[in-house]
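Reader: I would like a close look at one buried position in this chain, together with the part of the fold around it. Please take the parts one after another and connect them as you go.

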Amino acid sequence: MQDTELSLTEQARFRREKLDEIRKMGIDPFPGTFDTNIHADEIRNTPELIEGEEAERKRVRIAGRIMTRRIMGKASFFNLQDQSGTIQIYIRRDDVGTELYNTLFKKLIDLGDIVGVSGFVFKTRTGEITVHAESFQLLTKTLRPLPVAKEVEDEKGNKVTYDAFADKEHRYRQRYLDLIVNPEVREVFTRRTRMIQTMRDYMSSMGYLEVETPILQPIYGGAAARPFETHHNALDIKLYLRIANELYLKRLIIGGYEGVFEFAKDFRNEGMSRFHNPEFTQVELYVAYKDYRWMMDFVEQMLEHVVKTLHGTTKITVGDREIDFKAPWPRIPMLEAIRQETGKDLSGMSEEEIRRTAKDLDVPVDNTMGKGKLIDEIFGEKVEDALVQPTFITDYPIEMSPLAKKHPEKEGLVERFEMICNGKELCNAFTELNDPVDQRQRLEEQAQLRSEGDDEAMVVDEDFLKALEYGMPPTAGLGIGIDRLAMILTNQDSIRDVLFFPHMRPE
């Protein structure tokens, strides 16, 4: 809904009046371009800019938002914020002209307006690096006031903050404002980008090929989850947003590539929480002629490298915990981890015995859960939170892993691991099942679970099974949750804090 004149705040009406006055001055409040040659952090970190006579110094051109102002008589100061930070600007009437200074700058410019400045750099008497503006140009007139925080002292001398843009829900819904008035938030997303780029460079340096696979799929697969459905009008067919890209990446291994990876947006039509968003990012990697043991070595080496690149050390603080990513990490079979935490040995138990054990442990279960789902629930409720340091949980029951190869030495188990850190799963990996007969049987068992009410069980993908019959080499596969990893590496306690635009309930 567009604002009407009646719905505008008093400040917003004032800004529209100022906009009209600026146009009457013959000034375009929304010009098309302003060529910059420097950012705020470069100015602060380049001492040569203040060396020599003022007339000989390099002229800088910088643009950004006005965040604070101190208006005086013939000269004033304001803080300009660009993507790198803030820099103080000194502006004088004698330099920029009487009309621009007295009318435009002092009367018609507001906090939040975007301006361009050209001038030279100097140090004030207090030692602050400052740009002396020789020219000043309005680049964007803002029509809404920023929620800029103000600090005042109460009668007891305590500092009280007003108008801080701190409400989490408002910040998620208006991320653009969050990034403007809480610039430290930008560093979280900058670090997330550096994390992804470091992983991409690491995998590429190993000779693996970055690829793209379909987001719209006629049959969804590769994970146990409910999909989002859509419809293709021209073909008149139902399509699904992918829940994983696994089965397409395996097709590429079958086709002859020996190492492929993809940073993928995946979509799962399930609940939302601090750790779940219906749209999320993961990277999947598949390497031919390797197994899950090799993949464990790879994961701990890559993530150790990523953490050191971002933080300069393998030790980071997450909340009140110190987590060390230095390899090697512990490797504990899943059923052994459950036994250590609960005293219950599930190996060899029937489905009903595991169901009774879950109830004895006060783990909520229902009759739609098969053996694998029951074990997964017990692990999630009783073990996961206890795993703070990076830990590989290995050798999962076959019922939990329909796409993983059977363990050659442990009956009923598969060659699979998850990496758990700070109480949450970050990685999932298998020695991939490449026996097409075994794979068909496992997917048909999943279909049976679906018919019994498990709407997260996998479906049978006939084309994938056909591809397997042409032969897939021994392969190790990996999926890493980028959003959860970003939470840990930026010390954020909600997935919404590492997503620019998280999904929210309608207001």
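**A buried histidine and its surroundings**

Author: With a relative accessibility of 10%, His132 counts as buried, because the cut-off for that class is under 20%. The model is a predicted one, and the values that follow are computed from it. His132 belongs to strand S5, which spans residues 129–140. Leaving aside residues up to four places away in sequence, His132 touches Tyr90, Arg92 and Asp95, and also Ser118, Gly119, Phe120 and Phe122. Two of these partners, Tyr90 and Arg92, fall in strand S3 (85–92), while Asp95 falls in helix H3 (93–96).

The strand that holds His132 also takes part in covering a helix. Strand S5 is among the elements that cover the buried residues of helix H4, and the cover also includes helix H1 (10–24), strand S1 (60–70), strand S2 (75–82), strand S3 and helix H3. Helix H4 itself runs over residues 98–108, and its buried residues are Tyr101, Leu104, Phe105 and Leu108. Viewed down the axis of H4, these buried residues fall within an arc of 155°, so they line one face of the helix. This spacing fits a general rule: an α-helix has 3.6 residues a turn, so residues three or four places apart point the same way. Glu99 and Lys107, by contrast, are exposed on the other side of H4.

From here the view can move to other parts of the chain. His132 and Thr281 are separated by 149 residues in sequence and by 45 Å in space, taken from C-alpha to C-alpha. Thr281 falls within strand S13 (279–288), and the loop between that strand and helix H9 is the place of Tyr289. Tyr289 has a positive phi of about 70° although it is not a glycine, and with a relative accessible area of 54% Tyr289 is exposed.

Helix H9 leads on to a nonpolar core. The largest nonpolar core has 48 residues, of which Met195, Met199, Met203, Phe325 and Leu489 touch the most other members. Helix H9, residues 292–311, supplies the largest share of this core with 10 residues. A second, separate core of 43 residues includes Ala358, Ile375, Ile393 and Tyr396. In soluble globular proteins, nonpolar side chains tend to be buried together.

Within the largest core, Phe325 can be followed in detail. Not counting residues up to four places away in sequence, Phe325 touches Leu303, Glu304, Val307, Thr314, Ile316, Pro390, Cys421, Ile488 and Leu489. Further along the sequence, a cis peptide bond joins Ala327 and Pro328, with omega at about 0°, and Pro328 is found in the loop between strand S15 (321–324) and strand S16 (331–333). Another positive phi, of about 60°, belongs to Asn491, which is not a glycine. Asn491 lies in the segment after helix H15 (482–489) and is partly exposed, with a relative accessible area of 38%.

To set these parts in the whole, the chain has 15 helices and 20 strands, and 47% of its 507 residues count as buried. Among contacts with a separation of 6 or more, 64% are between residues 24 or more positions apart. The C-alpha atoms fill a box of roughly 85 × 55 × 50 Å along the principal axes.

Definitions and conventions:
Residues numbered from 1 in each chain as written. Predicted model: local features only at pLDDT ≥ 70, side-chain atom pairs only at ≥ 80, totals over all residues. Heavy atoms only, no water. Helix = DSSP H or I, 4+ residues; strand = E, 2+ residues; numbered from the N terminus. Buried < 20%, exposed > 50% of the residue type's maximum accessible area, 1.4 Å probe, protein only. Contact = heavy atoms within 4.5 Å. Arc of directions from axis to C-beta. Core = buried A, V, L, I, M, F, W, Y, C linked by side-chain atoms within 4.5 Å.
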